[in-house]
Amino acid sequence: MDILHRFRSRSGTSAETAEADVPQGENSPVASAEPDPSAELSRPVPVTRTSVAWAGVWAAALVSIAFIVFMLQNTIATQVSFLGLHGTLPLAVAMLIAMISGILFTLVLGTARITQLRRLARPRRRQNR
């Protein structure tokens, strides 16, 4: 309980704010100056960056496992031609190369767009100060 109270006070929710939501009365837990434990437990736990990262790691792990199974099942050699180059690759390796190429293309375009938006927002931030 003490740890939960410390966490809530760091995240901006203090005991005083929690007490302000509870109606005041002679028999209310606020009158005893100790917060009601059931009120603290009924509040939802805040979403943090760590919890989002944890969910992302699990999603990446599941996708990786599915991709490994795909690669193991698709080892048949495939004829590949690209820009005048010809060769034979396992199907899974050809798909992996195509996927990585698409990811890199998306990252380059996304980085260019983020840079463009930051340059546009910079003068606006200076005006608002």
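Helices α4 and α5 are oblique to each other in this predicted model. Two packed helices are described by the angle between their axes and the distance between the axes. Here, the axes of α4 (residues 49-73) and α5 cross at roughly 140° and come within 8 Å. Angles over 145 degrees would count as roughly antiparallel and 65 to 115 as roughly perpendicular, so this pair gets the label oblique.

Who does the touching? On the α4 side you'll find Phe67, Phe70 and Met71, and they meet Ala92, Met95, Leu96 and Met99 of α5. By class, that contact has 7 nonpolar residues, with no polar and no charged ones.

Helix α5 turns up again at the largest pocket, where it gives two or more residues to the lining, as do β1 and β2. The pocket holds about 190 Å³ of space. Which element gives the most to its lining? That's β2, with 4 residues. The full lining is Val80, Phe82, Leu85, His86, Gly87, Leu89, Ala94, Ile97 and Ser101.

Here are the two sets of residues by class:

| Site | Nonpolar | Polar | Charged |
|---|---|---|---|
| Contact of α4 with α5 | 7 residues | no residues | no residues |
| Lining of the largest pocket | 6 residues | 3 residues | no residues |

How sure is the predictor? The protein chain averages a pLDDT of 76, and 67% of the residues score at least 70. Keep an eye on residues 13-22, though: pLDDT stays under 50 there, and the model has 10 contacts beyond four places in sequence for that stretch.

Terms used: Residues numbered from 1 in each chain as written. Predicted model: local features only at pLDDT ≥ 70, side-chain atom pairs only at ≥ 80, totals over all residues. Heavy atoms only, no water. pLDDT = per-residue confidence, 0-100. Contact = heavy atoms within 4.5 Å. 1 Å grid on protein atoms, 1.4 Å probe; cavity = no way out; pocket = protein on both sides within 12 Å on 5 of 7 lines; lining within 4 Å. Points joined across faces, edges and corners; volume = space filled by probe spheres on them. Nonpolar A, V, L, I, M, F, W, Y, C, P; charged D, E, K, R; others polar. Axes fitted to C-alpha atoms, helices over the stretch in contact; angles between N-to-C directions. Parallel < 35°, antiparallel > 145°, perpendicular 65-115°, else oblique.
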